[in-house]
Amino acid sequence: MANVSTASAQWQGDLEHGFGTISLESSQVLTESPYNFKARAEHSVSITTPEELLGAAHAACFSMAFSMVLAQQGLKADSIDTTADVTFSVTSAGPAITSIHLTSHVNLAGLAEADFQRLAEQVKTTCPVSKALTGVAITLDASMN
């Protein structure tokens, strides 16, 4: 069964001085949220970036995929908290997303550390968003208690 999620973006002006809005059409969770190039280069509290949205999607996907992989092992985490740091840089080849660093903390009992790390690495490479981003270096720090 396929599910299509829809988001839209509108842009006005040139790259340096222009601005736009992003809307999550399927869920309507975000509607007409502002974004611009300046926020990509210089952090801004009130304006999102494509990288922030990508990071949210990656963190959510990783956490859900980890819960699935744990369930396949007969385990259930009390919580899985994941952060994605998405790096945007202007490189010699032009603007690019150069890396994503995932940090995940899992509240889980009953799994050896080596097995936990093996499963975390498996999820890093097999969650759907990671698979879609194979052209970007993805690193992971995973911990459990």
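These are my notebook entries on a predicted model, going from the domains down to one serine.

**Entry 1: domains**

I started with the domain assignment, which splits the protein into domain 1 (7-41) and domain 2 (50-144). I took the centres over C-alpha atoms and got 25 Å between the two domains. Four residues from domain 1 and four residues from domain 2 make the contact.

Next I looked up the area. About 480 Å² is buried between domain 1 and domain 2, and 77% of that lies on carbon and sulfur atoms. Which residues supply most of the domain 1 side? I found I22, F37 and R40, which together give 77% of the area that domain 1 buries against domain 2, more than any other three residues.

**Entry 2: the β1/β2 hairpin**

I22 sent me to the strands. Strand β1 (residues 7-12) and strand β2 (residues 19-24) run antiparallel, and I noted six bridges between them. I22 sits in β2 as the bridge partner of A9, so I22 turns up twice in my notes: here in the pairing and earlier in the area buried against domain 2.

I then checked the stretch between the strands. The hairpin has six residues there, and G13 takes a positive phi near 90°.

**Entry 3: the nonpolar core**

I went looking for the largest nonpolar core and found 29 residues in it. The members that touch the most others are F66, L70, I100, V106, L108, L111 and F116. Which elements supply at least two residues each? My list reads α2 (50-72), β4 (79-91), β5 (94-107), α3 (113-126) and β6 (137-144). Of these, α2 gives the most, with seven residues.

I picked F116 for a closer look. Leaving out residues up to four places away in sequence, F116 touches F66, V106, L108, L111, A142, S143 and M144. Four of the well-connected core members, F66, V106, L108 and L111, are on that contact list.

**Entry 4: S130**

Last, I turned to S130, which I placed in helix α4 (residues 128-132). Is S130 buried or exposed? It counts as buried because its relative accessibility is 3%, and the cut-off for buried is under 20%.

What does the S130 side chain meet? I found a polar contact of 2.7 Å to the side chain of H58. Beyond four places in sequence, the residues that S130 touches are H58, V123, K124, T125 and I138. H58 is therefore both a contact of S130 and its polar partner, side chain to side chain.

Definitions and conventions: Residues are numbered from 1 along each chain as its sequence is written. This is a predicted model: local features need pLDDT of at least 70, side-chain atom pairs count only at pLDDT 80 or more; totals for chains, interfaces and linings use all residues. Side-chain values use heavy atoms; hydrogens and water are left out. Helices (H or I, at least four residues) and strands (E, at least two) are DSSP runs, numbered from the N terminus. Buried means under 20% relative accessible area, exposed over 50%, partly exposed in between (1.4 Å probe, protein chains only). A polar contact is a pair of N or O atoms within 3.5 Å; within protein, one must be able to donate a hydrogen and the other to accept it, and residues adjacent in sequence count only if both atoms are side-chain atoms. Contact means heavy atoms within 4.5 Å. Two strands pair if DSSP finds at least two bridges between them. A nonpolar core is a set of buried Ala, Val, Leu, Ile, Met, Phe, Trp, Tyr and Cys residues joined through side-chain atoms within 4.5 Å. Domain bounds come from an automatic or database domain assignment. Buried area is the accessible area (1.4 Å probe) that two parts lose on being put together, summed over both.
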